Amino acid sequence: MARSLPQIMTGMMFRKEMAENEGMLFVFGRAHRASFYMRNTLIPLSCAYIDPEGTILEIHDMKPLDESAIEASVDNILYVLEMKQGWFERNKVATGSVVRTESGSLPETFFKKRR
């Protein structure tokens, strides 16, 4: 189901708690130079900037309520995964890791042709 711009912009805002393995995956319509910030976000998060093939290119820690944008260093970001701060390190997920779902790769999951 497609999300509206206000839903995408709200993201993890206003949440007061989050389970260890909960997160939010943002799927964009085209690759771009992603930029995320923590307006009205109370939980410390880490975000992974992911390329169109599902490879994590960058991981950034973000501070609660910090509205300073964290811009990707490349313009090839199609997905951003937000998790509790430190989750990537605790789970040994690093840059170069490929993200998959139960349905397959990220491109297969979100962009396979519908019949």
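Reader: Let's start with T55: where is its place?

Author: T55 falls in the loop between β3 (45–50) and β4 (56–62). Helices and strands here are DSSP runs numbered from the N terminus, helices being H or I over at least four residues and strands E over at least two. One thing up front: this is a predicted model, where local features need pLDDT of at least 70, side-chain atom pairs count only at pLDDT 80 or more, and totals for chains, interfaces and linings use all residues. Residues are numbered from 1 along each chain as its sequence is written, and side-chain values use heavy atoms, with hydrogens and water left out.

Reader: Leaving aside its neighbours within four places in sequence, which residues is T55 in contact with?

Author: Contact means heavy atoms within 4.5 Å. On that reading, T55 touches Y49, I50, G96, S97 and V98, once neighbours within four places in sequence are set aside. Take G96: it lies 41 residues from T55 in sequence, but their C-alpha atoms are 5.7 Å apart.

Reader: And across the protein, what share of contacts between residues at least 6 apart in sequence join residues at least 24 apart?

Author: That comes to 73%.

Reader: How do β3 and β4 pair?

Author: Two strands pair if DSSP finds at least two bridges between them. β3 and β4 do so in the antiparallel sense, over six bridges. Y49 sits opposite E58 of β4.

Reader: What order do the strands of the open sheet have?

Author: The four run β1-β6-β3-β4, with antiparallel pairing. β1 and β4 are at the edges with a single partner strand each, so each has one side without a neighbour in the sheet. Ignoring direction, neighbouring strands are turned by 20 degrees against each other on average; the axes are lines fitted to C-alpha atoms.

Reader: Which residues of the largest nonpolar core touch the most other members?

Author: A nonpolar core is a set of buried Ala, Val, Leu, Ile, Met, Phe, Trp, Tyr and Cys residues joined through side-chain atoms within 4.5 Å; buried means under 20% relative accessible area, with a 1.4 Å probe and protein chains only. The largest one holds 26 residues, and F36, Y49, I50, M62, V80 and F88 touch the most other members. At least two core residues come from each of β1 (23–32), β3, β4, β6 (77–84) and α2 (87–90). β6 gives the most, six.

Reader: Zooming out, how many helices and strands are there?

Author: Three helices and eight strands, following the pattern α-β-β-β-β-β-β-α-β-β-α along the sequence. Of the 115 residues, 33% count as buried.

Note on methods: Buried means under 20% relative accessible area, exposed over 50%, partly exposed in between (1.4 Å probe, protein chains only). Axes are lines fitted to C-alpha atoms, for helices over the stretch in contact, and angles run from 0 to 180 degrees between N-to-C directions.
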